[in-house]
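Student: I've got a model open and want to talk through its fold. Let's start with the sheets.

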Amino acid sequence: MTARKGSISVKTNDIFPIIKKWLYSEHDIFVRELVSNASDAITKRHTIARSQGHEVPEGKVRLEVNKENKTITIEDNGIGMTEAEVEKYIAQLAFSGAEEFVQKMKDVGNASAKDEIIGKFGLGFYSAFMVAEKVEVETLSMTPGAAPTLWTCHGDTDYEFGSSTRSDVGTKITLTVGPDGEEFLDRWKLHETLTRYCDFMPHPIALLDVTAKDASEEIVNETRPLWRKDPTSLTDEDYKTFYRKLFPMEQEPLFWLHLNVDHPFTLQGILFFPKLNPNKPVQDNGIKLYCKQVFVSDNVKNVVPDFLGLLKGAIDSVDIPLNVSRSALQGDPNIKKISNYIIKKVAESLKKLFNSDRERFEKAWEDIGLFVKYGCMQDEKFDEIMRRFVLFKNSSEKLVTLEEYQASVPESAKEKLKEKYVYFEKNMSDEALRRQLLAEGIQVLETDQYIDPHFMQHCEYKKQGETSFKFTAIDAAAETLLEVGDTTADDVRIKDFFKQVLVGEDKTIEGRLDVEVKSLKASSSSAYFKVDETMKRFQQMTKSMGQSAFAAPLKKTLIVNPRNTLVQNALRIWEKGEKKELAEKICHHVQDLASLSSEGLSSEERERFVARSQALVQELSQFIV
Ligand code: ADP
Ligand code: MG
């Protein structure tokens, strides 16, 4: 059997309404498309004039809105079109005059047109029909001797040409707005849309409301954005001003980084490290994407990894396509390269700051710490550079790297610590233990309950270098660092006594509390709590991921110090048998003190603690009066 071949035919009558409806998800895109066409037309005229060596007037795009006539006009003094060109470029769907122009310029040895011309797909013009019932194109080509022409279309496949008296080279597009576009007849709506998309377009854009009483023209854009300027010519104030313009509601940025690359892709941009506002959730749409100075999107999810979304700024790249559909970005091979480049640049600039201005780096740490740790976990390349610059606060309130921490451990403790970083979970760990360790010259690293459990696990799991360091909680480390190791004659009896009082026969308590007796160096300390570390870390992680299912209380062990006088006395009183109640009270008191110095007491426990303390002090004072 012979194969029968064919080609799918498209009936334009049917496809037109589909394009109108589905091509662009947002109506306001028509502003971007028509203004960028006008801007392209100006660039083209300038390019040709330059190559022929003659002067042309300064380019300008003018938008006029007329509420009474329900029209929006977009006029340029660009290249213009002949009737034949209108037929070819406008009336022929998906034929891009931009592509053709770039090719032509390349043929005559001008390769840079590729980076200057915005248009690409030959579909932008049709976005006009998303808001307009009627579109008129009145134009005069720059070709010497060309005749002006007027093209009119009512949003279906029919159009007509009429005569025009236009005498200036350029194009005027008049949209007679229908119900779908009425909002754009409002000057402020149009202004807002222009600001969004055309803020940095390369030619001046003027807006005029002809129906307003005090009608006056206003230039809405800045034709040379900061990212296009030479970084060496810019001051800190320039960057801060630019930041304020892009993000008027934000506090001053901490520092920034100017990106500029030509190969293997073209990209310019400025990324700012923002100051975090604790009262505002982190917004992850801080980076604006531009393509040849035309705003494309502030959704960078497909372009850079999550953690970079905390940064703010602008990225302009020819290689981020001014695309019809955002989702097409994901498959774009350039995007991956761009993303990797940005990650590397960000890491390198942080490293540079660390090495050149440690003080500033430390000052910024409060704001960037989360970002850096998150980045290390999310991206291997970033981790490779940045992990060694992650800072923790030590017991002396100094910010140190893991390496510096390691180096600070005294020789005497090195053997016992065996490549472990001791961490102290703020508000959860035993403050008294920390002080005791510090007295021995041993620092601990302060950690939070949110990102640090994850970061610690990341460091343990993904080794860097030869040795694999582990993190260990202060209560676990105290065992090896603070216990004397010898036993006293009372050990067993103290254990029995405490267990009987604190646990007794109560099975529910038994599951949560255990008692052990171990001599501590500091006899002033009566007891501390130890928690199974694996379980604790597991619980922290699930908790910080918002899962409460595992938030059941952990089993704690009360480590009682037999060398402490209070403990010894309590045992004596208990064994004498006359004032067993007092001994019990002291026992509970010791437990509460251990709680107090770590994660604190629940409101119920606190009430009991206060009542008992009062009773205790009262009882003891009797012996003195
Ligand atoms: P693209 O810009 O991607 O090429 P468009 O549909 O936006 O596609 O425009 C199609 C073509 O129509 C342009 O490439 C250009 O040749 C021509 N054109 C559109 N607007 C203008 C204008 N204001 N001045 C001159 N030519 C224009
Ligand atoms: Mg276009």
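Student: In what order do the strands of the 5-strand open sheet run?

Tutor: The order is 9-10-13-11-12, and the pairing is mixed. Strands (E, at least two residues) and helices (H or I, at least four) are DSSP runs, numbered from the N terminus. Two strands pair if DSSP finds at least two bridges between them.

Student: Before I go on, what am I looking at, and how are things labelled?

Tutor: It's a predicted model, where local features need pLDDT of at least 70 and side-chain atom pairs count only at pLDDT 80 or more, while totals for chains, interfaces and linings use all residues. Residues are numbered from 1 along each chain as its sequence is written, chains are lettered from A and ligands numbered from 1 in the order in which they are written, and side-chain values use heavy atoms, with hydrogens and water left out.

Student: Cool. Back to that sheet of 5: which strands sit at the edge?

Tutor: Strand 9 (255-261) and strand 12 (294-297), each of which pairs on one side only. From one strand to the next, the twist averages 20 degrees; axes here are lines fitted to C-alpha atoms, for helices over the stretch in contact, and angles run from 0 to 180 degrees between N-to-C directions.

Student: And how do strand 10 and strand 13 pair, parallel or antiparallel?

Tutor: Antiparallel: strand 10 (residues 267-273) and strand 13 (residues 312-316) share 5 bridges. For a landmark, find Gly269, which stands opposite Ile315 in strand 13.

Student: Anything odd about the peptide bond from His263 to Pro264?

Tutor: That bond is cis, with omega near 5 degrees. Pro264 is in the loop between strand 9 and strand 10. Most residues other than glycine have a negative phi, and most peptide bonds are trans.

Student: Then which way does phi go at Lys70, positive or negative?

Tutor: Positive, about 55 degrees, although Lys70 is not a glycine. Lys70 is in the loop between strand 1 (61-66) and strand 2 (71-76).

Student: What about strand 3, what are its links to strand 6 and strand 4?

Tutor: Strand 3 (residues 132-140) runs antiparallel to strand 6 (residues 170-177), with 8 bridges between them. Ala132 has Val177 as its bridge partner in strand 6. Strand 3 is also antiparallel to strand 4 (residues 149-153), joined by 5 bridges, and there Thr139 is partnered by Thr149.

Student: There's also a sheet of 3 strands. What's its order?

Tutor: That open sheet goes 19-21-20, with mixed pairing. Strand 19 (513-517) and strand 20 (527-531) each have a single partner strand, so one side of each is left without a neighbour in the sheet. The twist there averages 30 degrees from one strand to the next. Strand 19 and strand 21 (residues 556-560) run parallel and are joined by 5 bridges, with Glu516 partnered by Ile559 in strand 21.

Student: Helices next. How do helix 19 and helix 20 pack?

Tutor: Helix 19 (residues 565-576) and helix 20 (residues 580-596) have axes 8 Å apart at an angle of about 155 degrees. That makes helix 19 roughly antiparallel to helix 20; under 35 degrees counts as roughly parallel, over 145 as roughly antiparallel, 65 to 115 as roughly perpendicular, and the rest as oblique. The crossing is left-handed, meaning the near helix is turned anticlockwise from the far one by less than a right angle (clockwise would be right-handed).

Student: And helix 13 with helix 15?

Tutor: The axes of helix 13 (residues 431-439) and helix 15 (residues 474-482) come within 10 Å and cross at roughly 40 degrees, which makes helix 13 oblique to helix 15. This crossing is left-handed too.

Student: Last topic: how many cavities of 30 Å³ or more turn up?

Tutor: The search of the whole structure finds 3. On a 1 Å grid over the protein atoms alone, a cavity is a set of points where a 1.4 Å probe fits but cannot get out, and lining residues have an atom within 4 Å of a point. Points are joined across faces, edges and corners, and a volume is the space filled by probe spheres set on them.

Student: What lines the second largest cavity?

Tutor: The second largest cavity holds about 60 Å³, and its lining includes Phe273, Leu310 and Asp367. Helix 9 (residues 358-378) gives the most to that lining, 3 residues.

Note on methods. 1 Å grid on protein atoms, 1.4 Å probe; cavity = no way out; pocket = protein on both sides within 12 Å on 5 of 7 lines; lining within 4 Å.
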